[in-house]
Amino acid sequence: MTTTPAQLFALDSLLSDEERDIATTVRKLVDERLRPEVAAWYEVGEIPARELAQEFGRLGLLGMHLTGYECAGASATAYGLACHELEACDSGLRSLVSVQGSLAMFAIWRFGSEEQKEHWLPAMAAGRAIGCFGLTEPDFGSDPAGMRTRAVRDGSDWVLNGAKMWITNGSVADVAVVWAQTEEGIRGFVVPTDTPGFTAPAIKNKLSLRASVTSELVLEEVRLPADAMLPEAKGLSGPLSCLNEARFGIVFGALGAARDCLRTTLDYTATRRIFDRPLAGYQLSQAKLADMSLEFGKGMLLALHLGRLKDSGALRPEQVSLGKLNSVRESLTIARECRTLLGAAGITGEYPLMRHANNLESVLTYEGTSEVHQLVIGRALTGESAFR
Ligand code: TGC
Ligand code: FAD
């Protein structure tokens, strides 16, 4: 009789029936539809993004914690659990859902006009339209305040020029939420991707997040009507508020990848015989498995605590930073440690360990690097900003 790391912490006992049902539904989608295909998508570096978006849409996973406009209106914790299940398959699949729901849809839902919401949100919730979120630029990643993309008034129109870099879903998107400097500070724009002057070349040669589309956005004299601007987002706090949503999903999501690494490693060590005994029977193996399970469980307890805070409306950005920093850092350590237990077999695509570890390198960097989150927490603790 054995127990899983999640059972060891009795994590299920902390969930409502509805939350358990949502997690089970997503896990079934992963097991039946996604897991059999994901290693091949990763290897060739391509995913059927449009098809997947529609499948995720049918399950209500896109913008699932938003209300109205045909969004599912689930709790934040339920959304986190869905991210956890998706990332147990691959961080790239969770990214598709995060960027669609927490970044592109959330920006329109929170800051858009009624017309923008009605035009885009139902189609995006169903996966008929894919969105991307353009904040990062080639020279401004951790410091988006310095962005150079500019929107200038021309009569009642806006004209956008600039470039965004590392944009998830960029080349497959129907709509881009683009952040730009204006005379009145940073503003957001809803840009249909068929607007003349907008292009989104895919970034090739990634060794991480290969089952995810990452692109450049190039804006050359992109002319938009006055009503393309998000009316309610003024200044950097607009895009940063969207990041809180996506970072929250990652708090749960990254630990899904860790869970999958642990599951794979527990199975492998049970059957792999070394010096005539199962690898799982050695003290050194068990010390690693115990320590990794402890970090996984502690991370999940923190994630669920943050989920409950978010559902009660009390979650603060620096608390999201605690969770993002911890979940990704520990999950990456777990993925690498699990890989050691599989020996050479661990480096192949037959097992998901290197794929998860490679993916988590991106997750460590995007949505605020570990260092950025340390500095956010440091600022909250000391009152001193060490960013500049
Ligand atoms: P700072 O002076 O601290 O703040 C400027 C204004 O923003 C407000 N603010 C926030 N509001 C909401 N949520 C937050 N987390 C906020 N943090 C700050 C702040 O109160 C202020 O408001 P106001 O009204 O006074 O103007 O800004 P700063 O320039 O010093 O920068 C702070 C810093 C470094 C923390 C911020 O720039 C940052 O978070 N940098 C990291 C950038 C980042 O995470 N980029 C992610 C891009 S998207 C992405 O990676 C998608 S990956 C795909 C996927 O998710 O799957
Ligand atoms: P830099 O900001 O150049 O950082 C380099 C190093 O400097 C890091 O270690 C960093 O922690 C450190 N550093 C930065 N500031 C400080 C400081 N003050 N003190 C000490 N050290 C510091 N962006 C989007 O807008 N939309 C997307 O959809 C999106 N998707 C992405 C998908 C992938 C696969 C990847 C890899 C990135 C994506 N990004 C996206 C971009 C991502 O948010 C940035 O890569 C990230 O914010 C870091 O920026 P940077 O890569 O320019 O690194």
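Q: Is Ser-327 buried or exposed, and at what relative accessible area?
A: In this predicted model, Ser-327 is part of helix α9, which runs over residues 317-341. Leaving out residues up to four places away in sequence, Ser-327 touches Ile-250, Val-251, Ala-254 and Leu-255. The cut-off for buried is under 20%, so Ser-327 counts as buried, with a relative accessible area of 1%.

Q: Which backbone oxygen lies 2.8 Å from a polar atom of the Ser-285 side chain?
A: Ser-285 belongs to helix α8 (residues 283-311) and is buried, at 5% relative accessibility. Setting aside neighbours within four places in sequence, Ser-285 is in contact with Leu-279, Ala-280 and Leu-341. The oxygen in question is the backbone oxygen of Leu-279.

Q: Where in α6 does the kink lie?
A: Helix α6 covers residues 114-126, 13 residues in total, and reaches 18 Å from first C-alpha to last, close to the 18 Å expected. There is still a kink of about 30° in α6, shortly before the proline Pro-122. The residue at the kink is Trp-120.

Q: Which elements are included in what covers the buried residues of α6?
A: Start with what needs covering: the buried residues of α6 are Gln-116, Lys-117, Trp-120, Leu-121, Pro-122, Ala-123, Met-124 and Ala-125. Both helices and strands turn up in the cover. The elements include α3 (49-58), α5, β1 (131-134), β4 (175-182) and β5.

Q: Which residue follows α6, and what is its phi near?
A: Helix α6 takes in residues 114-126. Right after α6 comes Gly-127, and its phi is positive. The value is near 80°.

Q: Why is the pair of Phe-106 and Trp-109 called tilted?
A: The structure holds five aromatic pairs. In the pair of Phe-106 and Trp-109, the ring centres are 5.9 Å apart and the planes are at 35°. Stacked needs under 30 degrees and edge-to-face needs over 60, so with planes at 35° the pair comes out as tilted.

Q: How many residues apart are Phe-106 and Trp-109, and which helix holds both?
A: Phe-106 is buried at 6% relative accessibility, while Trp-109 is partly exposed at 24%. Their spacing in sequence is about one turn of the helix. They sit three residues apart, both in helix α5 (residues 91-111).

Q: What sort of aromatic pair do Trp-158 and Phe-189 form?
A: The rings of Trp-158 and Phe-189 are 5.2 Å apart centre to centre, with 70° between the planes. The cut-off for edge-to-face is over 60 degrees, so this pair is edge-to-face.

Q: How many residues apart are Trp-158 and Phe-189?
A: Trp-158 is in strand β3 (residues 157-168) and Phe-189 is in strand β5 (residues 185-192), so the pair links distant parts of the chain. Trp-158 is buried at 2% relative accessibility, and Phe-189 is buried at 0%. Their separation along the chain is 31 residues.

Q: Which rings have the charged end of Lys-310 or Arg-277 over them?
A: Arg-277 lies over the face of a tyrosine, 4.4 Å from the ring centre. Lys-310 puts its charged end over a phenylalanine ring, 5.6 Å from the centre. The rings are Tyr-282 for Arg-277 and Phe-248 for Lys-310.

Q: What is phi of Ala-10?
A: Most residues other than glycine have a negative phi. Ala-10 is not a glycine, yet its phi is positive. Ala-10 is in the loop between α1 (5-8) and α2 (17-44) and is partly exposed at 39% relative accessibility. Its phi is about 50°.

Q: How far apart in space are Ala-10 and Pro-48?
A: Along the sequence, Ala-10 and Pro-48 are 38 residues apart. In space, going C-alpha to C-alpha, the distance is 36 Å.

Q: Is Leu-209 buried or exposed, and what is its phi near?
A: Leu-209 lies in the loop between β6 (198-199) and β7 (214-224). At 4% relative accessibility, Leu-209 counts as buried. Its phi is positive although the residue is other than glycine, with a value near 45°.

Key
Residues numbered from 1 in each chain as written. Chains lettered and ligands numbered in written order. Heavy atoms only, no water. Phe/Tyr/Trp six-rings, centres within 6.5 Å; stacked < 30°, edge-to-face > 60°. Helix = DSSP H or I, 4+ residues; strand = E, 2+ residues; numbered from the N terminus. Buried < 20%, exposed > 50% of the residue type's maximum accessible area, 1.4 Å probe, protein only. Lys NZ or Arg CZ within 6 Å of the ring centre and 35° of its normal. Expected span 1.5 Å × (residues − 1). Bend = angle between axes of the 7 residues up to and from the residue. Contact = heavy atoms within 4.5 Å. Polar contact = N/O pair within 3.5 Å; in protein donor to acceptor, adjacent residues only side chain to side chain.
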